[in-house]
Amino acid sequence: MADAMSAQEKIALIKENLQEVLKEDIIEDVIVKQNRPLKIYWGTATTGRPHCGYFVPMVKLAHFLRAGCSVKILLADIHGFLDNLKAPIELVKYRAEYYKLVITSVLKSLNVPIDRLSIVLGSSYQLSAEYTMDLFRLSSVVTEHDSKKAGAEVVKQVANPTLSGLIYPLMQALDEQYLDVDVQFGGVDQRKIFALACESLPKLNYKERAHLMNPMVPGLSGGKMSASDPDSKIDLLDPAEVVEKKMKKAHCVPKEVEGNGILGFVEFVLLTVDSLKNGGKGKFVVERRKPEDGEPLVYEDIATLKADYQADRLTPQLLKPAITKALIQLLKPMQEEFRASPEWQDIAAKAYPAPEAKKKEKKVKDRGTRFPGAKGGVEAKQPDGHIEGNLNDPVNLGTGAGLEAKSDGHIEGNLKDRINLGTGAEEAMKSLDIRSETACV
């Protein structure tokens with residue numbers, strides 16, 4: 001197909017549905033002047049379980065391949081560890097394998113020819129002496145302020161961040177050189193890291209690259225859909241009942257278009273995927289609640305759908321069930337492949353082990369310091385009649401002895417001249433030894 005396309009048609013397909021392009025002249029130079037395939041890479045940190053938002057970059061990878069591009073997918077396992085330990089070091093290997101299986105399955109479900117792209121593991125080259133030396137060189141020309149700013153929308157922000165969050169953007173910039181590409185592709189949330197790469201790589205005498213950015217799929221509860229935030233996403237392997245439950249709880253204000261994650265899901269996932277599969281315009285069908293309400297609503301563009309939603313012709317009560325039905329059908333091929341693959345199931349269990357159940361500790365009832373035998377209390381020992389415990393409170397030694405121990409250690413009563421409890425609790429406990437025969441005098 002790429003051979004039948006003109007250079008401008010290839011560029012138009014590469015840019016389709018993108019939010020922003022940096023350094024487009026680099027793309028034109030490769031395709032038009034050099035007349036060779038454009039080399040592109042897309043990377044993902046192997047952290048939480050991949051979600052439905054991954055369909056957006058997968059559709060673009062299909063576009064790149066149709067345009068004759070050479071495509072690499074980077075499974076950034078070390079990045080997953082660096083990002084505030086989103087991927088614990090002992091799980092990194094398994095999560096990278098899990099991501100490879102998931103991404104391959106998604107691409108196959110979209111009829112993308114996976115034999116024309118390569119999947120690279122970050123640790124396969126990022127631990128080399130050459131890469132490490134370049135990382136040191138890059139850290140000498142990038143300030144702490146610039147690295148922190150670059151990763152602000154990607155690296156998890158915490159009150160007391162570790163140095164690993166500053167290394168993350170530097171490695172992502174350096175990956176462009178070591179993967180030998182012309183373009184890096186990612187979400188618009190990566191923009192500041194892309195800008196850092198443009199500014200810093202030439203300082204190491206490496207060429208500047210172009211950058212392509214797709215829009216972010218809004219999360220179900222607002223914000224962006226994130227692999228590390230379970231409340232914001234629908235996982236690719238979520239069963240039908242879980243999809244339905246999450247969709248019912250999703251934030252969807254009637255007649256409100258801006259920031260509506262449900263509408264964004266239709267725009268960036270369902271319509272684009274349907275368009276790719278059918279080779280034309282995408283279609284999204286909304287069934288009426290009752291047959292007497294009329295024919296189903298059919299949408300081929302997001303503008304018409306948004307207009308109907310603002311006019312309250314399309315309501316959340318109609319929209320949510322339609323999205324749920326379409327999404328369950330979209331996920332079906334991957335989930336069937338997962339159920340048929342013992343290898344995939346084993347990797348999933350190792351990559352995302354079930355959390356250990358916390359044992360409920362039995363709460364010991366505090367009966368106070370005056371309770372016999374209580375910690376810190378005072379207890380009369382038998383048969384010699386001596387006293388043990390702290391003396392913060394006055395202690396009555398009995399009417400027969402006529403003695404009372406005061407908190408400062410002195411004794412009041414008939415036998416006070418014969419007993420010395422000391423000036424402190426420790427000294428008092430050593431000194432206090434009232435014999436039974438003395439107390440009976």
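**Aromatic contacts, a parallel sheet and an enclosed space**

Y98 is buried, as is Y352; here buried denotes a relative accessible area under 20%, exposed one over 50%, and partly exposed a value in between, with a 1.4 Å probe and protein chains only. The model is predicted, so local features need pLDDT of at least 70 and side-chain atom pairs count only at pLDDT 80 or more, whereas totals for chains, interfaces and linings use all residues. Residues are numbered from 1 along each chain as its sequence is written, and side-chain values use heavy atoms, with hydrogens and water left out.

The structure contains eight aromatic pairs. Rings of Phe, Tyr and Trp (its six-membered ring) pair if their centres lie within 6.5 Å; planes under 30 degrees apart are called stacked, over 60 edge-to-face, and the rest tilted. Y98 and Y352 form one such pair: because their ring centres are 5.2 Å apart and their planes stand at 75°, the pair is edge-to-face. Y98 belongs to helix α5 (residues 92–109), while Y352 sits in the loop between α15 (342–351) and β9 (378–380), so the pair ties together parts that are 254 residues apart in sequence. Helices (H or I, at least four residues) and strands (E, at least two) are DSSP runs numbered from the N terminus. F338 and W344 make a further edge-to-face pair, with 5.2 Å from centre to centre and 90° between the planes. F338 is buried, and W344 is buried as well. In addition, ring pairs join W42, Y54 and Y99 into a cluster.

W42 also leads into the sheet, since I73 in strand β3 is its bridge partner. Strand β2 (residues 39–45) pairs in the parallel sense with β3 (residues 70–76) over seven bridges; two strands count as paired if DSSP finds at least two bridges between them. Five of the seven residues of β2 are buried, so this strand is largely enclosed by the rest of the structure. Together with helix α3 (residues 55–66), β2 and β3 make a right-handed β-α-β unit. Right-handed means that, with the strands pointing away from the viewer, the path from the first strand over the helix to the second runs clockwise.

Strand β2 and β5 also pair in the parallel sense, over three bridges. I40 stands opposite V183 in β5, and Y41 has Q184 in β5 as its bridge partner. Strand β5 (residues 183–187) is itself mostly covered, five of its five residues being buried. The pairing of β5 with strand β6 (residues 210–214) is likewise parallel and extends over five bridges. Within this pairing, G186 stands opposite M213 in β6. The chain passes from β5 through helix α10 (residues 191–200) to β6 in a right-handed β-α-β crossover.

The backbone shows two places with an unusual sign of phi. Most residues other than glycine have a negative phi. N111, which is not a glycine, has a positive phi near 60°. N111 lies in the loop between α5 and β4 (117–121), and this residue is exposed, with a relative accessible area of 59%. D180 is also not a glycine, yet its phi is positive, at about 55°. The loop between α9 (164–178) and β5 holds D180, which counts as partly exposed at 42% relative accessibility.

V298 is found in strand β8 (residues 297–299). With a relative accessible area of 49%, V298 is partly exposed. From V298 to E287 the C-alpha to C-alpha distance is 8.7 Å, and the two residues are 11 apart in sequence.

The remaining topic is enclosed space. A cavity is a set of points, on a 1 Å grid over the protein atoms alone, where a 1.4 Å probe fits but cannot get out; lining residues have an atom within 4 Å of a point. By this rule the structure has one cavity of 30 Å³ or more. The largest cavity holds about 30 Å³ of space; grid points are joined across faces, edges and corners, and a volume is the space filled by probe spheres set on the points. Its lining consists of H251, V253, E256, E258, G259 and N260. These lining residues divide into one nonpolar, three polar and two charged, where Ala, Val, Leu, Ile, Met, Phe, Trp, Tyr, Cys and Pro are nonpolar, Asp, Glu, Lys and Arg are charged, and the others, Gly among them, are polar.

Key
On a 1 Å grid over the protein atoms alone, a cavity is a set of points where a 1.4 Å probe fits but cannot get out, and a pocket is an open set with protein on both sides within 12 Å along at least five of seven lines; lining residues have an atom within 4 Å of a point.
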